[in-house]
Amino acid sequence: MKESVKYLSIAFVLVYSLIGCKTEPVTETNAIVTFCNPVDISYRFCTDMPSRREAADPTIVWFRDRYFLFASKSGGYWHSKDLTNWTFVETSQIPVEEYAPTAVNINDTLYFLASSNEKSTLYKSSDPLTGTWQVAKEKLDIPVWDPTLFLDDDRRLYLYWGCSDKNPIYGIELDYKNNFAFIGERKELLHGNQAQLGWEVPGDDNTRVNQSPWIEGAWMNKFNGKYYLQYSGPGTEYKSYSDAVYIADSPLGPFSLQPHNPFAYKPGGFADGAGHGSTFADQQGNYWHIGTSTISQKQIFERRLGLYPAFFDEQGTLYASTKYGDYPLIMPEKKITSFEEIFPGWMLLSYNKPVTASSAIDSLPANLMTDENIRTYWAAASGNAGEYATLDLGSIEDVYAVQVNFAEHDTKILGRQKDIYHRYKIEYSENGTDWAMLMDKSTANTDNSHAYFQLPQKVACRYLKVTNVQVPGGNFAMSGFRVFGKANGALPEKVTSLDVQRNQNDKRSVTLTWLKDKNATGYVISYGVDKNRLYQNYMIYSDTTVTINSLNANEKYYFTLEAFNESGITASGLMIEAQ
C-alpha cells in the first residue's frame, strides 16, 4: 500500500542572504521538491492501550536501487527511491514488533537485527520488497539491545549495542563468513558522563540532575578514515533527546568525544527531539540524520520520526542541522554543502492565528492547533463527517505549503489495521465566504497523520479550512494546522543586545536574554564551540529569555541570535563568547 502523499514540484529557487537573512522564493524553471517533519508516513497504532501511534529508533540503509526505513514497533518497514515518497511493506517474517531494528547490506543481501534481552536472531533477505525473509543465524552469542551493524571498507563486520542507565555502549567484531561468530571479547566503548555533559542530564530541559540518563542507540559511520560512534541520551520521552558522537581511528576505539556535541539536537519547535537515529549518505553524497521526535503524552513511547540534513565539515566535525527543522526543506538533486542551499524560505504563517471550529471538547480548544506544540491538540466533539476547523491568517498571504497534523483522541484502535483512513478536504478563501478546493483527500486510501502538501503553485488566501470526511477512529482532532509561505509585511528588526550568562557553579548551563522585537514571531539561537562553526540551534517562539542546560562543562561557547517572522529572517550580527 502506498503510504505517502506525492510531493508536487514547484518552481522556486532560494535566496538566503546572510546579511539581513531575507528569504525570497523566486519563480524559476527548475522544479524543487520539499518535505516537512515529522516524516509523512503511516504511523502504526501500538498493540496495547492506551491507543496511540508510534515509530522510533529509525534506521535507513540503501539496498540495490532504493532506501529502506526500519523503525520500532511499526508492523513492517518502508522503502523509497527519493526519501520523500514511502511505500509500506507489511511482514510477519521478521520481529517488526521489537525495538530499535538495524539493517546492513552484505554481498547483495540485506540483514536485519532487532533488540532482544533473551535471544537475538539475525535475518536475511534477497527480496525485501516482498517482505520475504529467512533466518541467517538463530541465536547470536549473546542477546543485544539497541543494536547496529557496521560493515567496514575492508569487509569486516562490527556489532554495537547498549541501552542502559548504568551500562556502557559495547562493540565487537563478527565473522559473517563463520556463522556470525563473535571475534574476541566485547569492548566497553563509551560511558555516560552527565557530570560534564549537560545533554546527558534527563528532562525536557536537562534539569533532572539527580537522575541517571539512558545511554543507548549506537550507530557507526566512517568518514575520511575516521570512525564516528554516535549514541543517544538522556531519554526518549524528553525534548532534549539527542545524538552525540565519539571519534576513533579504528572501529573498536579508543574513542574520544567530538568537541561539537550533541551533533543532532532539536529541543525547540513543533516536534522536538532528534535522538536515537541513523546517519546515512544519499545517492548524491549528501548526509542525512533521521531521528526520534517525542510526543510522549498518552505514553512515553508515543513518538515520531524527523529527517535532517547532516554534514562533515573541513575539520571532520559531524553535525546535523535542525535549524527550522520542522519547516519545509528542499530534497536536493545534487551535492550540497550547507543548510542554506535547501531552505526555501517558506515561513510559518499560522503561529497563534485564530481558529474557529465546528465543535470542541472543553479541555481541548481550537487554539491548540496553532500553538506550535505537537503535544497539545484540538478535538472536535465527534469524529463525524462535517466537523471542521477554519484558520484565519489575518490578511491575504502567499501560501506555498500546508501540513495537517492529526491527533488521536478516544481511539480504540490497536495494531496496524486495514481499511482505516484519514479522509478530509482542505479549502481556501480570500473572504471566508467563497471557498475553493485546495486539496481533496475525501477518497484517500492512507491514514498518514502528518500529511504535508506542497502546492503546485502558490495560492493567495486569508482563510483555510479542513473538513472531516472520515477518521480512523475516535474524534476528529489536530495537533497542528500549519501553513507555510511568505507574508507581505516587514522583516523583524535586528536584535542589538544579547546577554549571555554562563552558570559558573554549573557550566553545563547558560542563560540568554535579549530585547523583544514587536515584529518577531520567534528567534533562533545558534551556538557552538568555535565562533566560525555555530552548529547548535535552539528555536524559541515569543519568549526573550532561555536557559540552555546541554553544554559541555569543559568547553568555551559562542552564541548569536536571529529573529524571524512570517516575512523572513534577520540576523543580529552579534557574537557573544561564554567562558
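**Exercise 1. Place Ser115 in its surroundings.**

The side chain of Ser115 comes within 2.8 Å of the backbone nitrogen of Asp146. Find what else surrounds Ser115, and decide whether Ser115 is buried or exposed.

*Before you start.* You are working with a predicted model, where local features need pLDDT of at least 70, side-chain atom pairs count only at pLDDT 80 or more, and totals for chains, interfaces and linings use all residues. Residues are numbered from 1 along each chain as its sequence is written, and side-chain values use heavy atoms, with hydrogens and water left out.

*Solution.*
- Step 1: Locate the residue. Ser115 sits in the loop between strand S9 (109-113) and strand S10 (122-127); strands are DSSP runs of E, at least two residues long, numbered from the N terminus.
- Step 2: Check burial. Ser115 has a relative accessible area of 1% and is therefore buried (buried means under 20%, exposed over 50%, partly exposed in between, with a 1.4 Å probe and protein chains only).
- Step 3: Look for a further polar partner. The backbone oxygen of Tyr99 is 2.9 Å from a polar atom of the Ser115 side chain.
- Step 4: List the contacts (heavy atoms within 4.5 Å). Apart from neighbours within four places in sequence, Ser115 meets Glu98, Tyr99, Ala100, Val144, Trp145, Asp146 and Pro147.

**Exercise 2. Follow the salt bridges.**

How many salt bridges does the structure hold, and where in the chain do Arg303 and Glu54 lie?

*Solution.*
- Step 1: Apply the rule, a side-chain nitrogen of Lys or Arg within 4 Å of a carboxyl oxygen of Asp or Glu. The count is 33 salt bridges.
- Step 2: Take Arg303 and Glu54, whose side chains form a salt bridge at 2.5 Å, N to O. This pair links distant parts of the chain, with Arg303 in strand S23 (residues 303-312) and Glu54 in strand S3 (residues 53-54), 249 residues apart.
- Step 3: Check their burial. Arg303 counts as buried because its relative accessibility is 2%, and Glu54 counts as buried because its relative accessibility is 2%.
- Step 4: Turn to Glu372 and Arg482, joined by a salt bridge of 2.9 Å, N to O. Here too distant parts of the chain are linked: Glu372 is in the loop between strand S27 (355-357) and strand S28 (378-379), Arg482 is in strand S33 (residues 477-486), and they are 110 residues apart.
- Step 5: Widen the view. Lys239, Lys266, Asp272, Asp326, Glu372 and Arg482 are linked in a network of salt bridges.

**Exercise 3. Examine a charge without a salt bridge.**

Which side chain of opposite charge is nearest to Glu200, and what does Glu200 touch?

*Solution.*
- Step 1: Find Glu200 in the loop between strand S16 (181-190) and strand S17 (215-223).
- Step 2: Search for a partner, counting Lys and Arg as positive and Asp and Glu as negative, with His and the chain ends not counted. Glu200 is buried but has no salt bridge, and the nearest side chain of opposite charge, Arg508, is 8.3 Å away.
- Step 3: Turn to the backbone. The backbone nitrogen of Gln194 is 3.3 Å from a polar atom of the Glu200 side chain.
- Step 4: Add the contacts. Setting aside residues up to four places away in sequence, Glu200 touches Gly192, Asn193, Gln194, Pro213, Ile215, Tyr231 and Pro234.

**Exercise 4. Describe Arg304.**

In which strand does Arg304 lie, and which side chain does the side chain of Arg304 meet in a polar contact?

*Solution.*
- Step 1: Arg304 belongs to strand S23.
- Step 2: Arg304 is buried, with a relative accessible area of 1%.
- Step 3: Its side chain makes a polar contact of 3.3 Å with the side chain of Glu408 (a pair of N or O atoms within 3.5 Å; within protein, one must be able to donate a hydrogen and the other to accept it, and residues adjacent in sequence count only if both atoms are side-chain atoms).
- Step 4: Among the residues that Arg304 touches are Tyr43, Glu54, Ile295, Glu408 and His450.

**Exercise 5. Spot unusual backbone geometry.**

Which residues does a cis peptide bond join where omega is about 0°, and what is phi of Asp410?

*Solution.*
- Step 1: Recall the background. Most residues other than glycine have a negative phi, and most peptide bonds are trans.
- Step 2: Met49 and Pro50 are joined by a cis peptide bond, with omega about 0°. Pro50 lies in the loop between strand S2 (44-45) and S3.
- Step 3: Gly253 to Pro254 is also a cis peptide bond, with omega near 10°.
- Step 4: Asp410 has a positive phi near 60° and is not a glycine. Asp410 lies in the loop between strand S29 (388-406) and strand S30 (423-429).

How values were computed:
Helices (H or I, at least four residues) and strands (E, at least two) are DSSP runs, numbered from the N terminus.
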